[in-house]
Amino acid sequence: MFARISSSVFAAFAALSVVTSPAVLAAPSNQAILWKVEKENTPSSWLLATIPATNKQLAEFTPATLKALSDSKYIGTEFHNDINSVVEMAQTMLDDKPSLEQKIGKDNFAKLVPLLEARGYPSTVTAKLKPWAAIMMLLSPRPAKDIIPMDDRLLKYSMENSRKYFAVESVEQQLAPYQAIPADKQIPVLSALIKNEAKLEQNFTKIIAAYQQQDLDKVKQLLQDETIAMEPKEREWYKKWRLQTISQRNKVIVERLKIPFEKGDSFVGISAAQLPGKDGLLAQLRAAGYRVTPVTKASK
């Protein structure tokens with residue numbers, strides 16, 4: 001499950017009822033990253049599956065996405081990147097005493113430092129992270145240098161094009177799943193992630209490839225493979241936690257999405273992990289009465 005960490009946070013720590021065309025109906029159910037959300041007597045809205053950008057091609061918006069952005073009056077992301085939210089997130093994730101090294105041991109800490117440095121965090125910050133916060137960091141791929149993350153790119157677009165910007169979740173809601181990891185699970189899970197970070201990175205590479213193929217079902221399947229980084233005795237617990245986290249968050253997110261989607265003319269970027277599946281946002285929006293259709297090459 002990708003953690004949602006914006007570039008602003010890195011910096012702060014470091015310092016529906018319409019006729020659908022036959023082409024759309026012929027597309028695989030989750031073979032798209034951009035989705036049109038419609039409801040009778042309401043202007044169309046758009047839902048973009050986002051993912052951490054690890055290369056320039058991935059960071060660039062497709063022509064279909066740019067067209068949807070240009071047609072939208074409101075642009076939203078999962079997390080608001082204002083300075084107050086960034087500071088609140090940093091304060092919640094840090095804990096001066098005891099140090100993380102004291103909690104996880106000198107050897108594990110020495111291995112963790114370069115892994116988080118590769119994600120933009122100096123050792124002085126890593127030393128103050130709470131265990132669940134370090135878990136959150138390791139569950140996101142190493143960011144590419146000089147690449148603007150998708151959420152930040154959406155915020156930038158909204159500012160440069162005079163669109164109204166909004167966020168779907170608060171800092172508290174973003175961090176709640178990780179804070180809820182039981183205390184007796186945090187150190188074992190963090191230790192397993194440190195030991196098997198290379199396996200996670202290999203899986204991230206596969207997830208990115210599936211996303212570039214616009215195959216959200218494959219993304220969902222590969223996200224389940226995060227358990228390869230867990231020790232055998234922790235795998236069942238971790239899998240259950242991950243599935244519950246996505247399901248519970250989606251119940252909140254879909255209610256919040258109804259606000260911009262009831263107005264219409266809205267564009268929202270949400271993590272690709274949240275969209276597919278029977279508890280995913282696509283299914284929940286349909287259950288709430290919206291028509292949700294994929295924007296594919298065939299449907300342009």
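Select Val-37 and Ser-45 to begin, since in this predicted model Ser-45 in E2 is the bridge partner of Val-37. Widening the selection to the two strands brings up E2, residues 42–50, joined to E1 by 5 bridges, with the two strands running antiparallel. Between the strands of this E1 and E2 hairpin lie 2 residues, and Asn-41 is the place to check the backbone there, as its phi is positive, near 65°.

Stay with E1, residues 34–39, and turn to its pairing with E6, which is again antiparallel and runs over 4 bridges. Selecting Trp-35 gives a convenient marker for this pairing, with Pro-294 in E6 standing opposite.

Now show the whole sheet, which is open and consists of 6 strands in the order E4-E3-E5-E2-E1-E6, with mixed pairing. Its edges are strand E4 (164–169) and strand E6 (291–294), each of which pairs on one side only. If you look along the sheet, neighbouring strands are turned against each other by 25° on average, with direction ignored.

From the sheet, move to the largest nonpolar core, which holds 81 residues; to find the members that touch the most others, select Leu-47, Met-93, Leu-193, Tyr-211, Phe-267 and Leu-275. Helix H9, residues 131–138, supplies the largest share of this core, with 7 residues.

Of these, Tyr-211 deserves a selection of its own. Which residues is Tyr-211 in contact with, once its neighbours within four places in sequence are left aside? They are Ile-33, Ala-49, Thr-50, Ile-51, Leu-58, Met-150, Val-219 and Ala-272.

The next stop is helix H7, residues 106–117, where Asn-108 is found. Is Asn-108 buried or exposed? With a relative accessible area of 19%, Asn-108 counts as buried, because the cut-off for that class is under 20%. Add Ser-191 to the view, and a polar contact of 3.1 Å appears between the side chains of Asn-108 and Ser-191. Beyond the neighbours within four places in sequence, Asn-108 is in contact with Ser-191 and with Ile-194.

Finally, colour the chain by pLDDT, for which the mean over the protein chain is 86, with 89% of the residues reaching 70 or more. Selecting residues 7–28 then picks out a stretch where the pLDDT is below 50, although in the model this stretch has 50 contacts beyond near neighbours in sequence.

Key: Residues are numbered from 1 along each chain as its sequence is written. This is a predicted model: local features need pLDDT of at least 70, side-chain atom pairs count only at pLDDT 80 or more; totals for chains, interfaces and linings use all residues. Side-chain values use heavy atoms; hydrogens and water are left out. Buried means under 20% relative accessible area, exposed over 50%, partly exposed in between (1.4 Å probe, protein chains only). A polar contact is a pair of N or O atoms within 3.5 Å; within protein, one must be able to donate a hydrogen and the other to accept it, and residues adjacent in sequence count only if both atoms are side-chain atoms. Contact means heavy atoms within 4.5 Å. pLDDT is the predictor's confidence in each residue, from 0 to 100. Two strands pair if DSSP finds at least two bridges between them. Axes are lines fitted to C-alpha atoms, for helices over the stretch in contact, and angles run from 0 to 180 degrees between N-to-C directions. A nonpolar core is a set of buried Ala, Val, Leu, Ile, Met, Phe, Trp, Tyr and Cys residues joined through side-chain atoms within 4.5 Å.
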